Amino acid sequence: MFSLADRSVIVTGGTKGIGRGIAGVFARAGADVAIAARSAAEMDSAMAELDTLGDGKIIGVLTDVSDQASCNEMARTVQETFGSIDVVCANAGIFPEASLATMTDGQLSKVLDVNVKGTVFTVQACLPALAESGSGRVIITSSITGPITGFPNWSHYGASKAAQLGFMRTAAIELAGQGITVNAIMPGNVLTEGLVEMGEDYIAGMTRAIPMKALGTPEDIGHLAAFLATREAGYITGQAIAVDGGQVLPESPDAIPA
């Protein structure tokens, strides 16, 4: 059960953070993995690591997910190289800070372009190959921030993550007849490079707010993505699943034992 050895996967934003964790889990499971991102230097580093993890092929594709033509070229390259696209992990995203009072049109547009348009363009570009697969899988990296919780200075990010879920539900209906499932993962606080940049005080505070008393890892997200990519998960579609150590459960900090 749960073999991914004959599956080909695209992971956008796959060179670092959650995307790199997802790509690593798929690589260890034997899948052919294409990581898509904008930085050539980060691409080389990620590919070197992934090459050591499994028996599948690893490629990198320089891609700007906010550009539809770039996504189309990404899909063409991956299909030509692997012969198929079975799984699309639409993971690329940005989370710059901006208060609601000072947010500019440019700041809002950039977040929506990458996080929302990037998700739509990525899935659109891969649709013919996913349909040809017969058991295509789309897995979107959303967040608990926006769909469930909020955090100051991230209103544009929260809006983009909630928008991804709206897209997911209708896409799941439209694509079900082609055997394609569409699901989303909502990570809580995951220990990535971006979270480290928030500082030790932020990390300590968030850890205290999680019933399991630990931040998640990129691999925690990757394990769920890998399951949703299997043929055995073929009857699950249109679902958003939180992976957060129980972070959204307490109604107040007092609900978490010291």
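How many residues does helix H1 have, and what distance does H1 reach from its first C-alpha to its last? Start there. Keep in mind that this is a predicted model.

**Stop 1: helix H1**

Select residues 17–28. This is H1, with 12 residues. From first C-alpha to last, H1 reaches 17 Å. That is close to the 16 Å expected at 1.5 Å a residue.

Now show the surroundings of H1. Of its 12 residues, 10 are buried, so H1 is largely enclosed by the rest of the structure. Pick out the glycines among the buried residues: Gly17, Gly19, Gly21 and Gly24. Then add Ile18, Ile22, Ala23, Val25, Phe26 and Ala27, which are buried too.

**Stop 2: just past H1**

Move on to Gly30, just after H1. Check its backbone: phi is positive, about 90°.

**Stop 3: Asn153**

Next, find the loop between strand S5 (137–141) and helix H5 (155–175). Select Asn153 in that loop. Its phi is near 75°. The value is positive, and Asn153 is a residue other than glycine. Is Asn153 buried or exposed? Neither label fits: Asn153 is partly exposed, with a relative accessible area of 33%.

**Stop 4: Lys213**

Last, go to the loop between helix H7 (200–208) and helix H8 (218–228). Lys213 is found here. Lys213 is not a glycine, yet its phi is positive, about 60°. Turn on the surface. Lys213 counts as partly exposed, at 41% relative accessibility.

Conventions: Residues are numbered from 1 along each chain as its sequence is written. This is a predicted model: local features need pLDDT of at least 70, side-chain atom pairs count only at pLDDT 80 or more; totals for chains, interfaces and linings use all residues. Side-chain values use heavy atoms; hydrogens and water are left out. Helices (H or I, at least four residues) and strands (E, at least two) are DSSP runs, numbered from the N terminus. The expected span of a helix is 1.5 Å times one less than its number of residues. Buried means under 20% relative accessible area, exposed over 50%, partly exposed in between (1.4 Å probe, protein chains only).
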